[in-house]
Amino acid sequence: MKTRLTAAGAALLALLVAVLAFGQPAHAAAGFTVAGGKLYDANGAEFIMRGVNHAHTWYPQQTSSFADVKALGANTVRVVLSSGDRWTRNTNADVANVISLCKANRLICVLEVHDTTGYGEQSGAITLDRAVDYWLSLADVLAGQERYVIVNIGNEPYGNQNYASWATDNANAIKRLRAGGLTHTIMVDAPNWGQDWSFTMRDNAASVFAADPARNIVFSIHMYGVFDTAAEISDYLGRFRTAGLPIVVGEFGFNHSDGNPDEDTILSYSQANGIGWLGWSWSGNGGGVEYLDLATSFNPANLTSWGQRLFNGANGIRQTSREASVFGGTPPPTTPPPTTPSPTTPPPTTPPPTTPPPTTPPPSGGCAATYTVANQWQGGFQGEVRVTAGATAITGWTARWTFANGQSVSQSWNTTLTSSGATVTARNVDYNGRLAAGASTSFGFIGGWTGSNAVPQVSCTVS
């Protein structure tokens, strides 16, 4: 899709009025609930999705994938299913097994029907009403699983044409699901192949939310080429936050045929604002987007460069994922990521340090910083700097260092970074400048090097 986001006209006031009128949602004690724009698990603990999509319906034999993504730190998996209209139907027994695999691996299961993809534009795509038929046929399998399962009515249910009925059709689908006895949290995808360039979901989300008597809806935006700037990402997600409506990034990649999404901003903004996300996709992509595989041939020891970024990079799964409290709250795995390089990932030339280099401890006031080479390959590396406040709280910080070997920085996240010759200056952004005494934050960057890549000394000053 080539259509671009434009400066949005404001429907924000109406959105706010509608949402504030809802008050607190009724809580379905058995499972997930929504309140104040956030998702809570059955124990009342806030839950932020950090996971991946898995194309189960096309690769039903890849049942080990659930354990594999869990071992890499994910807390959620969004599972592709088929109603049987476009692909082989996932039977009640198969869906029950998927749920059991999620639970056995302590993963929250988001189940989606893929047959709705591109309705109104793509031949063979089914309506949301038809998707509801499928969900109701699974009622016996879904009953009692509200603590572990979120129902995503239909994947990308409209293309770039004939999407005007998106709000009405979703509202009717939600009412049918509730009348049929489903009390789960329901996820609603955006139109326009999931990317909502027309702002149809953004401007009608409040009315869809209000259509649910349980007020238990989460909205899902898919971020590909339409979302290639930080401004577009923060504006879209920010409007849902301001309106108190729950939003997740249900799919996104690092590249796409319709443009180059800004995955670093998607990750950093989501982390700073408590927004869930699910990367596309674990493995098995075709049709020219094979580069979106996170693992090569479903092998967790052979992550692609996209997989390394999503699982092991700054604001990625290992750094930010927290297991749902309904599983007992066990922290994410601490085992190191697989070291076997994939054919598409530049092989490391030196192993990343396992501990940060020693630095001077923070003084009684002020701040201190540590610099770590998180990953390195021939000609390039990923760096991370951790800033720690001293004995008193701070409201802003600046980190500086000077490269000794001609290194350079090409991109960064969670900081405003500038370079002057070999000297690099990194300042906090609006959401990570305030640190309590002894608290830390971190930012990352991608750099280049030749010859050697020595770790510089970093200074930190309060600003």
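A residue counts as buried when its relative accessible area is under 20%. All views below show a predicted model.

**View 1. Helix H9 and the glycine after it.** Helix H9 spans residues 263-273 and is mostly covered, with eight of its eleven residues buried. The buried residues are Glu263, Asp264, Thr265, Ile266, Leu267, Ser268, Tyr269 and Ser270. Just after H9 comes Gly274, where phi is positive, about 65°.

**View 2. Glu232 in helix H8.** Glu232 sits in helix H8, which covers residues 230-243. The relative accessible area of Glu232 is 14%, so this residue counts as buried. Along the chain, Glu232 and Asp262 are 30 residues apart; in space, their C-alpha atoms are separated by 9.5 Å.

**View 3. Ser321 and its contact with Asn75.** Ser321 belongs to the loop between helix H11 (317-320) and strand S11 (367-377). With a relative accessible area of 1%, Ser321 is buried. Its side chain reaches the backbone nitrogen of Asn75 at a distance of 3.4 Å.

**View 4. The loop between S10 and H10.** Strand S10 (276-279) and helix H10 (305-312) are linked by a loop that holds Ser281. The peptide bond joining Trp280 and Ser281 is cis, with omega at about -20°. Ser297 is found in the loop between S10 and H10. Ser297 is not a glycine, yet its phi is positive, about 55°. Its relative accessibility is 61%, and Ser297 therefore counts as exposed.

**View 5. Phe199 ahead of helix H7.** Phe199 lies in the loop between strand S7 (186-189) and helix H7 (200-211). Phi of Phe199 is near 60°, a positive value in a residue other than glycine. The relative accessible area here is 10%, so Phe199 is buried.

**View 6. The largest nonpolar core, seen around Leu111.** In soluble globular proteins, nonpolar side chains tend to be buried together. The largest nonpolar core of this model has 98 residues, and those that touch the most other members are Leu111, Trp135, Ile153, Phe219, Ile221, Leu237 and Trp282. Leaving aside neighbours within four places in sequence, the contacts of Leu111 include Val79, Leu81, Val95, Val98, Ile99 and Trp135. Leu142, Val149, Ile150, Val151 and Asn152 are also among the contacts of Leu111. A second core, separate from the largest one, has 22 residues, including Cys367, Tyr371, Val373 and Ala426.

**View 7. The disulfide between Cys367 and Cys460.** The model has one disulfide. The bond joins Cys367 to Cys460, with an S to S distance of 2.1 Å. The torsion about this S-S bond is about -100°, so the disulfide is left-handed. Cys367 is in strand S11 and Cys460 in strand S18 (residues 458-462); the pair, 93 residues apart, links distant parts of the chain. Cys367 and Cys460 are both buried.

**View 8. Cys102 and Cys109.** Two further cysteines are shown here. Cys102 has a relative accessibility of 1% and so counts as buried. For Cys109 the relative accessibility is 0%, and this residue also counts as buried.

**View 9. The whole chain and its low-confidence stretches.** The secondary structure consists of eleven helices and 18 strands. The chain has 463 residues, of which 54% count as buried. Among contacts between residues at least 6 apart in sequence, 75% join residues at least 24 apart. The accessible surface comes to about 17600 Å², and 54% of it belongs to carbon and sulfur atoms. The average pLDDT of the chain is 86, and 86% of the residues score at least 70. Over residues 1-29 the pLDDT is below 50, and this stretch has 58 contacts in the model beyond near neighbours in sequence. Over residues 330-363 the pLDDT stays under 50 as well, and the model has 67 contacts for this stretch beyond four places in sequence. Where pLDDT is low, the predicted coordinates should not be read in detail.

Notes: Residues are numbered from 1 along each chain as its sequence is written. This is a predicted model: local features need pLDDT of at least 70, side-chain atom pairs count only at pLDDT 80 or more; totals for chains, interfaces and linings use all residues. Side-chain values use heavy atoms; hydrogens and water are left out. Helices (H or I, at least four residues) and strands (E, at least two) are DSSP runs, numbered from the N terminus. Buried means under 20% relative accessible area, exposed over 50%, partly exposed in between (1.4 Å probe, protein chains only). A polar contact is a pair of N or O atoms within 3.5 Å; within protein, one must be able to donate a hydrogen and the other to accept it, and residues adjacent in sequence count only if both atoms are side-chain atoms. pLDDT is the predictor's confidence in each residue, from 0 to 100. Contact means heavy atoms within 4.5 Å. A nonpolar core is a set of buried Ala, Val, Leu, Ile, Met, Phe, Trp, Tyr and Cys residues joined through side-chain atoms within 4.5 Å. Accessible areas come from the Shrake-Rupley method with a 1.4 Å probe; for residues, only the protein chains shown count as cover. A disulfide is a pair of cysteine sulfur atoms within 2.5 Å.
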